[in-house]
Each structure stands twice: as structure tokens, then as C-alpha cells.
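Let's walk through this protein together, starting from the whole chain and working in to single residues. Keep the 3D view open as you read.

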Amino acid sequence: MDRLEQIQQTLGEVDGRVPDAFRVALGLGNRVSLTPAPGDDDDVADFVASLVQPQLATTESSDDRDPAKEPDADAPDLKIDLGSCYVPLHDHDAHFCHADAGVFGVADGVGQYMDDGVDAGAFSRGLMLSASAEVAGTEPVGTPVYPYSLLEKAYEKTAASGAPGASTAVIMSLIGNSLEWAYVGDSTFAVIRDGKIVFRSTPQQHLTRASRAKLGFASTPARRKQHLFSFNDPPFQLSAEAERSDRVADAHVGQVAVRAGDVVVLGTDGLFDNVLDEQLERAVQMGRKLGFSPKNMADIVAGVAYERSMQPSSKKLRRGKPDDITVLVAFIVESDS
């Protein structure tokens, strides 16, 4: 389990301008260094500009950025480098990572169970522990792990154990040159290519009639997305109690073609409720330019989400939402073998 001290350690290991640079780039405010007087040079702002300068035009076709494009059979073999960060508030989140198998996942326990005196993190921990054990026992080594089957097995074991509570869940697996997934609920992932989100999952929520009306009247995709992440409607969730549970069969299942250089960010709603798309893109752009490891980047992204979660509403940003924050960062890289 990571704590805020580990995020501070990451900040201490990198360029001293980085904490302020992220605050300036992501509009967080609260600079550590003094803000220059009008007309004076701002070293931090210049540093930010060097990290997030516009991409130069290339000769790539638009298909090269299309995540729906079929994987290239001649593309090099891929693997993932993984890093994670967990900043607990209620301690209801859980996750697992198996970089060698290319499999990773998160789960978010449903907090309302606390009101019944139940350990609201029990089911999420059961799901991730069961999934992790299943991957570790897969033989022979190198056998593809399919997310839906893994989620199904993890659910069956956790429900049979009598674990209380309920949880959302996402499981992802790199199989060849495709990233496959199965998820139930509102934990979310984004695939970032050349500094831009080219694919992001849509949360599964049980929308009320009022929420559906708001969604129908949203004027743009951005507004619809804002509504999805601001509703209090309950997410799809898995539980041992059949009357309070959605089904694994309700899981959203899919795949996306990936290539070396892509960055996958997977997180619970403590991340995506607090960090906007453009903030996540900028954080990843800056981290890549600075040569961050997946662990460093997960620490920074979680730190940004934590700081945002504590902010009051303003003209530019809605009020933060304090919550457990889990961030997994996967770099898609060429395999050495």
C-alpha cells in the first residue's frame, strides 16, 4: 500500500521544478515557489512549455492513431511495464499487477456498506486476491489470460467465500498486440498515444430517469462525459448477495489495438472523478518527457488526483471528491525476446 510519503519521495527524486510545473500545467495553483511579478521571467512556466509543446506534424496516416484498427501482424512483440500507487481514504480499493503475464486489475468496494457495519473493502480485496492467485497459477507460463474468464473465476471464488459487501472491477490483459478487458462498474481506463487519449472506457451506472434526461439533453460528447462522472447514480457492482448484485454477464468486454509507446492508465473513480481528460493527458506528456518510470508516473497522477480531491469548487473546476485513489500505469513496450 502506498502512502502520500511515497508520492513525496518520487517528487524528491526528480527535477526540483517538477512539483510546481505540474501545478502550473494542470491548473492546481498553490505553487511552492514564489510567483514572479508581472513582466518577470517565469522559469517554471518556461519549463512547462518545454514539456507540453505542441506535437509537430508527422507523415503518419490518421489510421495510425485509430485504436479500433486491427493489430498489425508484422508489429513487434509487446509487453507491459507496470507501476501502481494507492492512496487510501476509507481503504476500500484493491488491485493486482502481473507484469510478466501482462495482466492487471482494480476493484473498488461500494462504500454504502459501511452504513451497515460491513467491511466495505472485503469483496474488492477478495476479487483481486482471487484474480491474482489465478494468474499466478496459470500454466504453462505464457498462456494468454482472458479478462472475462478471469473475472468470472474471481467472482465465483469470492462469492463462495462469503465475503461481505460489493465491488466494481476491471481486469485487463495484453494478448499479442491487443489490450483486452472486462469490467463491471465505474472504475475506468484510458489509452494514451502521443500524449492524447485515443480510447477511454465508459462507466456502467444505473441511471435514474432524471439522470437519463440530463444525459439526453447534453449538447456535446464532453458535456455527456461530464454528466456521467458527476452523477450520484450507483455503479454496476458485484456481490455475493444476488438481490444486490449485477452479473458478471453484464460486464463490458472488448479489446483495443496497442503499440509500443502507448500508455494505459487504469484507476478507480477516486482518480477519474477528480482528474479531467486534459489534465491526465498533460500529466502523461510531462512524465514521458521527463523519463518517468511507470511507478513514478502512477505516483504523480495519484498525487494530482489527491490534491484535486481536496480542492473546493471554483469557476474553472468543480469541487473535488475525497475518496480512495488507485492508479495503475502500464507502458506498452517492445518485448526483449
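What follows goes from overall confidence to a sheet, the helices packed on it, and a few backbone details.

First, a word on what you are looking at: this is a predicted model. The protein averages a pLDDT of 82, and 69% of the residues score at least 70. Over residues 56-63 the pLDDT is below 50, and beyond near neighbours in sequence this stretch has 3 contacts in the model. Residues 223-231 also stay under 50 in pLDDT, and for them the model has 23 contacts beyond four places in sequence.

Now for the overall make-up. The protein has 10 helices and 11 strands. Of its 337 residues, 50% count as buried. If you take the contacts with a separation of 6 or more, 74% of them come from residues 24 or more positions apart.

A good place to begin is the sheet. Its 5 strands follow the order E1-E11-E10-E6-E7, forming an open sheet with antiparallel pairing. At the edges are E1 and E7, each of which pairs on one side only. On average, neighbouring strands of this sheet are turned by 25 degrees against each other, direction ignored.

Let's zoom in on E6, which covers residues 188-193. How is this strand tied to its partners? With strand E10 (residues 263-267), E6 pairs in the antiparallel sense over 5 bridges. With strand E7 (residues 196-200), E6 also runs antiparallel, and 4 bridges join the two. Val191 is a handy residue to select here: it stands opposite Val264 in E10, and Val191 also stands opposite Phe199 in E7. Along the E7 side you can also find Ala190 opposite Arg200 and Arg193 opposite Lys196.

Is E6 enclosed or open to the outside? The strand is largely enclosed by the rest of the structure, because 6 of its 6 residues are buried. Both faces are covered: Thr188, Ala190 and Ile192 are buried on one side, and Phe189, Val191 and Arg193 are buried on the other.

Follow the chain out of E6 and you come to a hairpin, with 2 residues between E6 and E7. Asp194 lies in this loop. Its phi is positive, about 55 degrees, although Asp194 is not a glycine. At 35% relative accessibility, Asp194 counts as partly exposed.

Next, look at the helices that lie across the sheet. Helix H9 (residues 277-289) lies across E6, E7, E10 and strand E11 (325-334), and runs at about 125 degrees to E7. Helix H10 lies across E1, E10 and E11, running at about 35 degrees to E1.

H10 (residues 294-309) invites a quick check of its geometry. At 1.5 Å a residue, its 16 residues should span 22 Å, and the end C-alpha atoms are 22 Å apart, which agrees. As for its surroundings, 14 of the 16 residues of H10 are buried, so the helix is largely enclosed by the rest of the structure.

How do the two helices meet? Two packed helices are described by the angle between their axes and the distance between the axes. The axes of H9 and H10 come within 10 Å and cross at roughly 145 degrees. Their crossing is right-handed. On the H9 side, the contact is made by Gln279, Leu280, Ala283, Val284, Gly287 and Arg288, and on the H10 side by Met297, Val301 and Arg308.

Now return to E1, which spans residues 78-87 and holds Cys85. The relative accessible area of Cys85 is 0%, so this residue is buried. Cys85 and Ile300 are 215 residues apart along the chain, while their C-alpha atoms are separated by 8.9 Å.

Two more backbone details round off the tour. In the loop between E1 and strand E2 (93-98) you will find Asp91. Its phi is near 65 degrees, a positive value in a residue other than glycine. Asp91 is partly exposed, with a relative accessible area of 31%. Elsewhere, a cis peptide bond joins Glu139 and Pro140, with omega at about -5 degrees. Pro140 lies in the loop between helix H4 (122-136) and helix H5 (147-160).

Definitions and conventions: Residues numbered from 1 in each chain as written. Predicted model: local features only at pLDDT ≥ 70, side-chain atom pairs only at ≥ 80, totals over all residues. Heavy atoms only, no water. Pairing = 2+ DSSP bridges. Buried < 20%, exposed > 50% of the residue type's maximum accessible area, 1.4 Å probe, protein only. Expected span 1.5 Å × (residues − 1). pLDDT = per-residue confidence, 0-100. Contact = heavy atoms within 4.5 Å. Axes fitted to C-alpha atoms, helices over the stretch in contact; angles between N-to-C directions. Left-handed = near helix turned anticlockwise from the far one by under 90°.
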